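The following paragraphs lead through a molecular structure step by step. Please keep the sequence and the model in view while reading.

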Amino acid sequence: MMLVIIFGASFLAYNLQAYSSDPLSEFGESTAENRDYLIAKTIRDLQLNVPPPVRYFSWLRGIVAGLWGNFDMGLTRFDVPVTELLAQAIPVTIKLVITSTFLAIIFGISIGMITAIRQYSRFDYVITFVSFLLFSLPIFWVAVLLKEFMAIQFNDFLVEPQFSRTTISVVALVFGLIMAGFVGGSKSRFLSVMAGGAVFAAAVLSYVSLTRWFLEPSLGIFGVSFLALCSAAIVIQLITGVEDKRGLTAGFGTAVAVALLYFPLQALMPASANFLNVLTVFVATISVGTLIGYMVSSIDRRVYMRIGLFTALLATFPVVIDRFMAEFAGYMNSDAVRGRPIPTLGQANDLLATEQLENFWVSGLDTALHLILPTIALTLISFAGYVRFARGSLLEVLNMDYIRTARAKGLSERTVIVRHGMRNAMLPLTTILVNDFAGLLGGAIITEGVFAWKGMGQLFNDSIINYDLNLFMGVFIITALLTVLANLVADLLYGVVDPRIRIRK
Amino acid sequence: MSDVNQRSESGADKNENEIASRETAGLSQRQIILRRFVRHKAAMVSLFVLIFIILFVLSASGLRFGSRQDPYIVPGWWRYSITDIDPEGAIAASCNNGVTGCPTLDISPTFIDGDGMRIGDHPLGTDIIGTDYFALVMRGAQQSLTVMFIVGLLGVTIGTTIGAIAGYFGGIVDAVLMRVTDMFLVTPTIVVGAVIGFRFGTFGVIPLAFLLGFFAWMGLARFVRTEFLTLREREFVDAARVAGASDRRIIFKHILPNAIGIIIVAGTLLLSGAILAETALSYLGFGVKSPDVSLGLLISEYQDSFGISPWLFWWPGALIVSIALCVNFIGDGLRDAFDPRQRRHVSAKDRSNAQELSSERD
């Protein structure tokens with residue numbers, strides 16, 4: 001069935017593109033002497049004398065030949081094999097979209113669920129409005145704004161990275177409001193959380209401003225410890241709640257352990273490091289976390305091990321990010337960057353010296369800085385959809401009878417919402433997530449265009465402008481396969497996460 | 001599903017039901033929906049804003065029909081058109097720092113700055129060669145709105161037809177139609193749009209919109225099919241069939257009116273998707289082409305001059321955002337209005353009123 005759909009869709013696309021493109025149009029006004037020869041050559045090369053529906057099958061033959069090994073997507077009009085171009089482009093597109101997808105999923109789902117829990121609160125209304133606004137933003141417009149304010153003006157700001165008092169107080173106030181919105185509750189609690197948040201933000205901003213943190217960013221042992229404790233608090237709240245003494249010990253124990261490991265771990269991340277080193281760091285901390293979870297518990301060990309595991313996972317990110325930050329000052333002052341670290345275009349800085357490129361940390365930092373703008377743009381756009389969906393999904397679940405039962409038998413509100421509510425609300429989300437991965441190319445076409453990345457979207461653009469049918473079909477078939485596979489995975493996954501589906505079948 | 005969702009008649013729920021039933025007593029379905037919609041403040045505001053934008057845009061730049069060479073023009077009230085070039089005006093409207101074409105619109109009254117409120121010659125400034133930007137933006141918005149409505153209309157018509165036929169007849173018809181839908185669905189809209197737009201963008205906006213509309217119906221067809229699948233099993237359909245109603249009559253008179261909610265809601269989503277898709281295509285150069293304008297094209301043309309003349313960038317973007325935002329809010333309001341499970345937020349005051357009411361009666 002899948003094959004039939006792909007066959008039909010590719011046939012449709014092939015003919016659509018073939019009939020709507022006219023490769024000979026470029027010769028229309030040509031006055032070259034060998035015009036007739038060029039026309040004849042193009043016709044022969046592209047087999048234009050064969051009608052498209054028939055030509056389609058000669059293209060298909062190359063694809064079907066993939067079954068016995070000699071896969072052939074044909075050549076582009078510049079005689080490059082399509083497979084080669086695709087092999088270069090696919091990793092670029094994946095790199096472009098993967099961070100933003102994860103960020104959008106994590107933030108979107110958590111914020112969406114918080115709005116569902118606080119339905120009809122002021123926070124809910126604000127987030128609803130914001131998500132509708134983001135929903136209505138054209139990505140290319142956001143991209144231009146980001147380029148101006150996040151890149152050009154930020155780079156200007158870095159010359160003298162100090163905040164004025166007004167900036168600090170406004171940002172602190174907004175931060176406090178957001179925090180208070182998250183926490184909610186009575187008016188006095190709202191005000192105290194807001195004051196706390198504002199003071200905290202003001203302190204951090206003043207510190208950043210006074211120490212010119214942006215020129216030599218680092219989290220240091222204090223920043224890492226603070227973030228580790230925050231991660232522990234979040235994980236504990238989600239898995240057992242603060243009433244459980246063993247959960248507290250497991251979570252905060254792991255956080256303290258990661259903080260203590262901060263200096264030893266630096267030895268694992270030397271300048272000559274590669275990806276494996278980072279993996280080793282994660283494996284090391286996660287094992288420590290899991291071990292702590294195992295040691296503090298005697299029954300229900302898996303729960304506490306999970307706390308240790310997730311705390312360690314979250315808390316290790318700051319450690320690794322801190323290591324990347326250590327290279328920032330050198331990177332920024334290098335000749336290739338000249339103090340303007342946030343680029344507006346491209347996927348990598350071509351001017352970097354060889355030793356910089358070979359250094360895992362510097363090239364990683366370079367990639368990360370190039371990813372900042374596209375990631376923010378893509379996250380903002382897709383975030384709204386997740387917020388709306390997670391909110392609707394959780395609201396529907398919270399109206400179910402088993403939630404009432406759970407409340408009636410005296411479970412704490414946290415258990416009801418986290419275990420009975422959120423888990424069930426996640427079920428329909430799996431479908432959306434998988435389908436979204438497939439729909440990413442559509443977004444990537446525009447994003448790659450705006451930020452000049454050379455991925456699938458760029459290939460697609462080129463294929464249309466050059467009337468390059470083989471290239472077009474190469475990009476198309478990847479997307480189509482991805483979509484169909486995603487649907488299949490969604491069906492299978494749904495059966496795995498929701499036992500009711502299996503029984504019904 | 002429905003039996004799971006049925007609520008038991010306990011405590012607070014009873015009161016809430018009481019409020020709900022008191023509100024809707026003696027009203028027809030249509031009146032209830034209208035009432036719910038009117039109560040949705042954001043949707044009502046958006047509706048008025050959208051109507052205002054449409055009327056404003058259409059009347060400002062006037063209408064053009066017919067071919068490009070020999071158009072039949074209904075003039076609008078704005079004094080410039082997109083073909084008038086007024087370099088002197090551009091210089092006249094130049095700003096202090098030597099940049100030409102600054103907006104003459106000033107909405108801050110006299111007590112904030114000295115100049116006072118005025119509209120001036122070129123309220124949104126002029127572009128680099130001196131074309132009035134207000135005229136350009138209005139014309140662009142008109143094009144974008146045209147695309148939006150044609151795509152929406154066509155998408156809804158085709159989607160409803162295919163979804164209704166597939167859902168109602170089922171069996172082999174359903175299987176074939178749904179496979180066809182899947183085939184279209186596998187092709188991302190932007191891909192099709194780019195292919196079509198690159199070739200047919202120069203033919204003007206209406207053919208482009210029609211072609212885009214032919215590839216925009218799939219999501220809606222799926223929704224409508226699901227709705228028809230459940231509705232056709234209902235008793236009232238059986239009753240109609242037993243009474244001798246034809247398929248046509250059952251579809252149009254019995255099922256379609258019940259599915260209208262989902263069609264309208266999905267249709268509004270289609271509209272907001274369509275305007276974003278059109279602007280994105282024009283931005284990429286695959287949609288409306290110069291010398292004609294659309295909002296996406298304006299942004300794409302002037303994005304590099306953001307640092308010097310930001311107004312060339314702000315206005316078209318603001319219009320796209322406000323149109324899409326309005327449509328989204330209207331869709332949200334309609335969804336709330338059509339969803340029977342959706343109940344208005346019951347405030348503490350309503351609750352206590354109902355409590356008094358029911359205790360008086362007891």
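In this predicted model, 35 residues of chain B are in contact with 37 residues of chain A. On the side of chain B that touches chain A, at least two residues each come from helix H7 (171–186), helix H8 (189–200), helix H12 (247–284) and helix H14 (311–338) of chain B. The greatest contribution is that of H8(B), which supplies nine residues. By character, this side of chain B comprises 23 nonpolar, nine polar and three charged residues.

Two of these helices of chain B lead to the next element, helix H1 of chain A, because H7 and H8 of chain B help to cover its buried residues, together with helix H3 (52–64) and helix H21 (469–497) of chain A, among what covers them. Helix H1 (residues 2–20) of chain A has 19 residues, and from its first C-alpha to its last it reaches 27 Å, close to the 27 Å expected at 1.5 Å a residue. Its buried residues are A:Ile5, A:Ile6, A:Ala9, A:Ser10, A:Ala13, A:Tyr14, A:Leu16, A:Gln17 and A:Ala18. In an α-helix there are 3.6 residues a turn, so residues three or four places apart point the same way.

A:Phe7 also lies in helix H1 of chain A. Is A:Phe7 buried or partly exposed? With 15 other C-beta atoms within 10 Å, A:Phe7 is partly exposed. A:Phe7 and A:Glu160 are 153 residues apart in sequence, and their C-alpha atoms are 59 Å apart in space.

Attention now turns to the interior. The largest nonpolar core has 158 residues, and those with the most contacts inside it are A:Phe140 and B:Val137. H12(B) gives the most to this core, with 19 residues. Neighbours within four places in sequence left aside, B:Val137 is in contact with B:Leu124, B:Leu298, B:Trp315, B:Pro316 and B:Leu319. Another core, of 29 residues, lies apart from the largest one and includes A:Val235, A:Val258, A:Tyr304 and A:Val319.

A final example concerns the packing of two helices in chain A. The axes of helix H4 (residues 82–117) and helix H20 (residues 456–465) of chain A come within 7 Å and cross at roughly 130°. H4(A) and H20(A) are therefore oblique to each other. On H4(A), the contact is made by A:Leu85, A:Ala89, A:Ile90 and A:Thr93, and on H20(A) by A:Met456, A:Gly457 and A:Leu459. Five residues of this contact are nonpolar, two are polar and none is charged.

Note on methods:
Residues numbered from 1 in each chain as written. Chains lettered and ligands numbered in written order. Predicted model: local features only at pLDDT ≥ 70, side-chain atom pairs only at ≥ 80, totals over all residues. Axes fitted to C-alpha atoms, helices over the stretch in contact; angles between N-to-C directions. Helix = DSSP H or I, 4+ residues; strand = E, 2+ residues; numbered from the N terminus. Parallel < 35°, antiparallel > 145°, perpendicular 65-115°, else oblique. Contact = placed C-beta atoms within 7 Å. Nonpolar A, V, L, I, M, F, W, Y, C, P; charged D, E, K, R; others polar. Expected span 1.5 Å × (residues − 1). Buried ≥ 20, exposed ≤ 12 C-beta atoms within 10 Å, placed from the backbone. Core = buried A, V, L, I, M, F, W, Y, C linked by C-beta atoms within 7 Å.
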